[in-house]
Amino acid sequence: MTYDRVMWTSVSGLTFVGLLLIIDVCMASAEWQGDLSAYELASFHNPDQEDVPRAQTFNHFTLSDHGDVYVGAVNWLYRFNSRLEQIQNASTCDDSMPYNGMPCRRTNNYNKILVVDSTRPNSLITCGGVFDGICQLRHLRDISIVESESTPNVAGFEDATTVSLIGPKRDSNKMLYVAVTYTGENVISKAQFPAITRRNLTSNPILSVLLHNAVFLSGAASGVDFTIKYVTTFDFTGFTYFIASHKEDLMSAHYVSKISRVCQTGPNLDAYTEITMQCSGSDGSVYSLVQAAHFGPAGPDLAASWGLHADKQVLYAVFAKNQGAQGTSHIPTDHSAVCVYRMTDILAGFTEAVRGCIQDGEDYKISYLHGSTCSKFRNVQPDNFLCNPVADDTNSLYKYAKGITPVSSTALLEEPGTLMSSIITSTEFNHTVAFLGTSRGALLKVHIENNTAARLYERVILDSRPVLTDMTINDTTTEMHVLTEQTLIKMRAENCGQ
Ligand SMILES: *[C@@H]1O[C@H](CO)[C@@H](O)[C@H](O)[C@H]1NC(C)=O
Ligand SMILES: *[C@@H]1O[C@H](CO)[C@@H](O)[C@H](O)[C@H]1NC(C)=O
Ligand SMILES: *[C@@H]1O[C@H](CO)[C@@H](O)[C@H](O)[C@H]1NC(C)=O
Ligand SMILES: *[C@@H]1O[C@H](CO)[C@@H](O)[C@H](O)[C@H]1NC(C)=O
Ligand SMILES: *[C@@H]1O[C@H](CO)[C@@H](O)[C@H](O)[C@H]1NC(C)=O
């Protein structure tokens, strides 16, 4: 071995030790309380604090390519620069209903959808509950300019959850995929409520929807208490996925968490399929109610423990135990857990659901959806029918399928005393780090060590109000945006030198 070679080895050895030290400083071995001031870069507190009968909260935020930040709040939209200095605001209130003679005081126009419309320049889609759930297409550089308005009932009202994303369709036209909770108010006709739709971004008015691009609740489901609480949506290899909690089916009193999907290239949404996601504690108890989820890469260590390639996408989710006996209510308690799912397991669950609905009949149909049917074609395999459930152009094999067996995972982290409300992850060296918001305004940092263990290493108090589900992290700058009900915070994800 030459002298040069020895030098090189020892230098790289030193670098290696250096990296380990940095990681150790970032991830203290015992849990500790971090101070927000060590991380905070900028913040914006909700200025709308008038003493009027409404809940003046923030609802959503989104970032544009120009570096501007948009916040949708009750009755307000805000635009900020990257330092979170307010550039502009616009009222979204309904001033047709005054309170004590003052305009804009009675209705709460919650912001339900806030997405940058990537299909055209400088456009922002904003939807609220008032004015019949109509959305506006606004100018990104001047949010007071409403360029056009949508058809009614796109989004849900006050307490109706709504999730959406812009994704492709078969002809490469992009569509807005939306899932909305039925409340009895946000409907044109009670008999036909479209819970999931894909909507046209270029129609006039915008966001119109054709019958075949909707999945309707059955009349029976809109007549009883069958509330679906949607928490997020994401897009993966030709499908749009939704995550929600609700009763297992129409005749069940048991609440579960589900992942469902529609095929983006299908001629219609008939191949809608759902499966139950189960998250169990170490004592076998079930965390029945999903609160938030994040679809993102597994860092090298986590990926290796599963035999996956580094950066393969996995599904991270936070769940809560429900009030009362297991699965008997939709009300979450301060007892939550983190579960992670491999997409191969989830995809296998969807294929099995479709197989059952083609081969084994009625047990696999979804009774709470309008027109769901299954068949008994024992020799037909599911693989060619995941997007279009029609054989030989005429024979319908199934419409809407559900899985019978849940996709299960054991919690990596359980936190009695905490209700987690949001999650995002990032990769630091070989580590996967999850950032979890809580209902009491804390940010928890968790090292996901492998597919069976995670360690909470830091808790940072952001605010006294719940952390909302929208959260971003920029992998290049490792800067995060976190939204609570009253504050938007831009912060460093880590501050290893403190
Ligand atoms: C909206 O902007 C105007 C003009 O800059 C400002 O006077 C007002 O306080 C802002 N309103 C809110 C709620 O921030
Ligand atoms: C959307 O609407 C436009 C205008 O009506 C129509 O030309 C287009 O085919 C529609 N796109 C889709 C994907 O339905
Ligand atoms: C990261 O993982 C790779 C592959 O497992 C390993 O070769 C490398 O030493 C690890 N790096 C650190 C800093 O742990
Ligand atoms: C996961 O990590 C924990 C903590 O480091 C360790 O005790 C356990 O053996 C690991 N499990 C696997 C399957 O690698
Ligand atoms: C991350 O931040 C950099 C610098 O501000 C910006 O150029 C880039 O677009 C950001 N990336 C994402 C995914 O937002």
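**Strand β4, helix α5 and two ligand shells**

Good morning. Strand β4 pairs with strand β5 (residues 76-80) in the antiparallel sense, over five bridges. Strands here are DSSP E runs of at least two residues, helices are H or I runs of at least four, and both are numbered from the N terminus. Two strands count as paired if DSSP finds at least two bridges between them.

A word on the source. This is a predicted model, in which local features need pLDDT of at least 70 and side-chain atom pairs count only at pLDDT 80 or more, while totals for chains, interfaces and linings use all residues. Residues are numbered from 1 along each chain as its sequence is written, and chains are lettered from A and ligands numbered from 1 in the order in which they are written.

Within the β4 and β5 pair, A73 stands opposite W76. The two strands form a hairpin with two residues between them, and N75 in the turn has a positive phi of about 70 degrees.

On β4 there is a second partner: strand β3 (residues 58-63) pairs with β4 in the antiparallel sense, again through five bridges. Here L63 faces V69 of β4. The β3 and β4 hairpin has five residues between its strands, and G67 takes a positive phi near 95 degrees.

How many of the residues of β4 are buried? Five of its five residues, 69-73, are buried, a residue being buried if 20 or more other C-beta atoms, placed from the backbone, lie within 10 Å of its own. V69, V71 and A73 point one way, whereas Y70 and G72 point the other way.

W76 of β5 also appears in a ligand shell. Ligand 1 is surrounded by P47, D48, W76 and N89, where a residue is near if its C-beta atom, placed from the backbone, lies within 6 Å of the molecule. The shell around ligand 4 is made of S305, E449, N450, T452 and A453.

I turn now to helix α5, residues 343-359. Its 17 residues, at 1.5 Å a residue, should span 24 Å, and the end C-alpha atoms are 24 Å apart, which agrees; the expected span is 1.5 Å times one less than the number of residues. Buried in α5 are I346, G349, F350, A353, V354, G356, C357 and I358. Their cover includes β17 (255-263), β18 (273-280), β20 (313-322) and β21 (332-342), contact meaning C-beta atoms, placed from the backbone, within 7 Å. Just after α5, G361 takes a positive phi of about 85 degrees.

Thank you.

How values were computed:
A residue is buried if 20 or more other C-beta atoms lie within 10 Å of its own, exposed if 12 or fewer, and partly exposed in between; C-beta atoms are placed from the backbone. Two residues are in contact if their C-beta atoms, placed from the backbone, lie within 7 Å.
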